[in-house]
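The exercises below ask you to work through burial, helix geometry and aromatic pairing in one model. Please keep the sequence and the coordinates at hand while you read each solution.

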Amino acid sequence: MTPPDMALADGLRAMQQKLITPEVVYFPVRHHSPACAWQIRQWIRAHRPRAVLVEGPDDFTPLIRHLLHEKCQPPVAIYTHYRIQLPGSKNKQTGDGRHAGYYPLCDYSPEWVALREGHAVGADLRFIDLDYPSQRVVEDAAQEKPGALKIESLQAEHHFRRSAYLQELARRLGCRDHDELWDRLIEVRGWQGAPEKLVHEVAAYCWFSRLDCPQEVMEADGTLAREAAMATAIREVLGRPTSGAADGLVLVVTGGFHTVVLPDLVNAESLPPVPRHEPLERHSCLTRYTFNQLDSLSGYGAGMPQPGYYQACWEAFTSGDDKPLDVVALRMIVELGRTARARDLAGTISAADEIAVLAQTQGLAQLRGHPGPSREDVWDGLRGAMVKGEMGADGGALMALARQLFTGRATGEVPPDAGVPPLVEDFRQMARQTRLPLEFATTEGVALEIYKKETHRKVSRFLHQLEYLQVPFGTRKAGPDFVNGTNLRRIVEHWDCQWSPHTEAVLIERSVYGSSVREAAASKLAEAVAKLEANTNPGTGEGVALLVRACLMGLPDAATLLAAQLGNWIASDPSFSSVANGLGQMLLLWQSREPLEARKLNLLPALVKAAYQRACQLLEQAAVLPEDQAEPVMLACLMLRSRLAAQGDDEETDTDTDEDGAGPLDAAPFWDALRRVLEQAQCAPLLRGAAAGLLYTAGLLELEPLLAITRGNLAPAVGESARQIAFLTGLLKAARELTWREPRLLSEVEALMTHWSDDEFLRRLPDLRLAWSDLTPRETDRVAALVAENHGVTHLSLPRNAGVTEADVLAALRASSVVEKALHEDGLASWLETLDPQSLPEAAHA
């Protein structure tokens with residue numbers, strides 16, 4: 001050995017010797033490792049320790065009694081969340097910092113086994129890690145957004161994944177990642193031999209992974225603070241007198257990354273102070289969990305991937321099978337073949353195929369030096385021997401089925417006395433009151449007459465609250481969409497509702513926002529308002545969308561606060577389209593004030609008028625925006641035209657004028673602003689065309705001036721075809737009826753195209769089609785008939801061929817242009833006149 005290598009070896013041996021002492025045994029583990037769990041089980045049964053200390057937030061200790069309950073069936077998780085007041089925040093609602101975390105446990109989690117086996121021998125049981133709020137306070141939060149919800153794993157193993165040592169070791173051993181490296185070195189061998197052997201091997205693995213981790217990183221992510229808390233707790237337990245246990249040993253079960261430094265910390269003369277932080281509110285509870293949530297390949301940040309496979313390993317270990325890994329491989333292969341045959345996937349998977357997979361799996365294990373097949377051996381064997389040919393649709397479906405099998409479908413159960421978070425209980429009560437489904441069954445349709453029945457409005461608000469919280473329960477299928485302003489004449493909302501375990505899992509996550517569905521929705525809305533308020537120029541449209549959401553969810557207090565803030569946002573908003581879209585939403589909100597109870601928003605009429613005045617002021621400025629920014633302005637103008645015209649549809653408007661000031665808006669300022677837009681020399685052609693069309697349809701621009709403006713904007717100009725089409729697009733968006741009512745407009749458009757070359761026409765054809773896209777099929781036929789009539793065609797037959805695509809037509813036109821040009825160059829243009837179109841193949845007519 002070279003001197004550096006000798007120093008490393010000496011340091012490793014010294015660390016390993018400190019792990020097993022007459023007083024305490026430090027057992028390093030990887031979260032959710034069956035091999036570690038099996039050896040902990042063996043050690044506890046052999047040594048009967050007086051205390052078992054487990055890594056996990058120490059405020060979880062009162063929940064251990066629920067984990068020990070006979071009706072607690074893993075996978076389960078301890079869910080925790082807390083709320084703090086952010087520094088410098090004066091608003092109790094919008095100033096909240098909210099964080100949540102999961103601490104999952106399954107049958108083969110070393111922590112679960114340690115607690116269960118420790119309880120069986122009468123040991124004292126404790127969690128010893130720093131509590132979650134204190135962990136978060138000491139972490140480096142420089143990149144977090146104030147008030148942003150953060151949900152994370154409390155057993156994250158990011159240090160292993162970042163270790164340059166482990167990455168290099170994996171490369172040298174031919175392993176694809178950290179998970180395969182762990183399996184090769186620990187999992188396939190760790191269940192054999194004495195527990196002490198596994199202690200030393202896992203400790204070595206973790207000690208080397210820690211060597212290249214900078215101290216400042218561990219300080220920033222809270223690792224050092226957590227280890228100080230664990231060492232303090234261990235010292236406290238070691239200082240207690242023994243309580244009649246056989247040998248007075250203390251077992252400490254922690255993630256191996258921490259274990260390798262704990263002996264020195266416990267024996268140090270002094271420990272750094274343990275930072276503690278008491279939040280405004282905290283709550284922890286036991287909840288059901290699933291293997292899908294536990295799967296690291298699905299995004300879970302700690303533990304082993306594909307838990308269904310490792311569950312099978314654990315069952316094989318505990319059943320006493322002679323060769324458990326071979327048994328697991330055989331069972332997984334046979335189960336996959338059986339399921340594939342039942343679903344008729346990848347043809348017929350025969351017994352011979354299964355034998356071939358098993359042979360290949362065992363061969364790979366032998367080649368790689370494994371005492372039995374690892375997860376990767378089984379997976380590679382399946383892919384290599386069961387997928388026949390290329391990985392096509394059948395092969396992909398087969399491997400997708402394998403992934404489902406390896407992940408597993410287990411869902412845990414919590415004991416009745418564990419209780420549920422208040423948010424889940426509130427959801428259940430509301431669902432019972434409103435007769436919504438609470439059992440896992442087929443989807444149930446719900447029809448709500450929100451204009452007529454108050455009880456139906458109550459259900460609607462509840463479902464909108466859940467939808468805003470993104471809880472998978474109700475899906476709105478039809479009815480008025482007040483946020484986007486569509487289908488407003490429908491008076492019935494239709495929802496599809498279905499309860500599933502995932503419904504309550506998400507509700508538990510959302511309990512970070514509050515203890516009731518209503519409170520949680522209000523808190524999430526307040527968070528969105530805070531984010532919007534933090535912008536330099538909060539958008540009026542975004543603010544009004546939140547206001548409509550508040551009304552939909554039946555949150556009048558939140559709506560009132562939002563309305564008060566909107567006045568300032570409107571006054572400072574520099575965007576015409578933002579203000580105009582917000583105005584349009586407010587007009588819709590006022591029109592729909594009965595089902596949304598917007599009548600209680602006393603500020604709404606004043607906000608409508610303020611937004612209208614601001615929009616009219618900004619419209620003239622919007623006329624000089626660059627051409628690529630003209631479309632939102634045009635669409636906002638079209639929307640305002642529609643909303644101003646629809647004011648007369650609200651039968652209550654006139655009677656409400658004196659009572660609440662919500663009388664009809666005076667359209668004159670809008671039309672005056674549009675006139676000034678039309679007069680702007682720098683106005684984008686798209687907006688100029690729309691302004692001309694809008695003024696014409698309002699009777700404020702005569703036909704002759706309109707045609708003159710059109711003629712001027714469509715006049716031939718080299719390199720200006722894009723601007724010409726843009727003007728035409730805006731004009732037709734605002735007044736498409738001109739195309740069949742005024743033949744002279746068609747003549748102007750036709751004159752424009754006669755000045756284009758064939759190449760220019762083909763290049764502009766997609767834009768031309770877009771300009772006419774608002775016409776209905778019947779209107780398109782009317783326009784085509786007028787054009788044909790202008791050319792003396794009395795009968796127009798338009799053959800249709802559904803098998804010809806737009807690309808085919810364009811390619812044919814280009815080919816025709818090339819052929820025609822070649823004929824002219826060769827003096828054969830007269831041939832074109834002799835061609836009979838009827839003699840051409842049918843595809844040519846298309």
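**Exercise 1.** In this predicted model, decide whether Tyr 108 counts as buried or exposed, and do likewise for Tyr 310.

*Solution.* Tyr 108 has a relative accessibility of 0%, and because buried means under 20%, Tyr 108 counts as buried. Applying the cut-off again, Tyr 310 at 1% relative accessibility also counts as buried.

**Exercise 2.** Classify the geometry of the ring pair formed by Tyr 108 and Tyr 310, and locate both residues along the chain.

*Solution.* We start from the total, which by the pairing rule comes to 18 aromatic pairs. For the rings of Tyr 108 and Tyr 310, the centres are 6.5 Å apart and the planes stand at 50 degrees, so the pair is tilted. This pair links distant parts of the chain, since Tyr 108 lies in the loop between β4 (96–105) and α4 (110–120), whereas Tyr 310 belongs to helix α15 (residues 307–318), 202 residues apart.

**Exercise 3.** Carry out the analysis for Trp 379 and Phe 406, and state which aromatic cluster they belong to.

*Solution.* The rings of Trp 379 and Phe 406 are 5.1 Å apart, centre to centre, with 80 degrees between their planes, which makes the pair edge-to-face. Trp 379 sits in helix α18 (residues 375–385) and Phe 406 in helix α19 (residues 393–407), 27 residues apart, and this pair too links distant parts of the chain. With a relative accessibility of 13%, Trp 379 counts as buried, and Phe 406 counts as buried at 0%. Finally, Trp 379 and Phe 406 join Tyr 108, Tyr 309 and Tyr 310 in one aromatic cluster.

**Exercise 4.** Compare the reach of helix α29 with its expected span, and identify what covers its buried residues.

*Solution.* Helix α29 (residues 630–645) has 16 residues and reaches 23 Å from its first C-alpha to its last, a value close to the 22 Å expected at 1.5 Å a residue. The buried residues of α29 include Ala 630, Val 633, Met 634, Leu 640 and Arg 643. Among the elements that cover the buried residues of α29 are α26 (576–591), α28 (604–622), α31 (668–679), α32 (685–697) and α34 (721–734).

**Exercise 5.** What share of the residues in the protein chain is buried, and what share of the counted contacts joins residues at least 24 apart?

*Solution.* Buried residues account for 50% of the 846 residues in the protein chain, which has 41 helices and 11 strands. Among contacts between residues at least 6 apart in sequence, 76% join residues at least 24 apart.

Key
Residues are numbered from 1 along each chain as its sequence is written. This is a predicted model: local features need pLDDT of at least 70, side-chain atom pairs count only at pLDDT 80 or more; totals for chains, interfaces and linings use all residues. Side-chain values use heavy atoms; hydrogens and water are left out. Helices (H or I, at least four residues) and strands (E, at least two) are DSSP runs, numbered from the N terminus. The expected span of a helix is 1.5 Å times one less than its number of residues. Buried means under 20% relative accessible area, exposed over 50%, partly exposed in between (1.4 Å probe, protein chains only). Contact means heavy atoms within 4.5 Å. Rings of Phe, Tyr and Trp (its six-membered ring) pair if their centres lie within 6.5 Å; planes under 30 degrees apart count as stacked, over 60 as edge-to-face and the rest as tilted.
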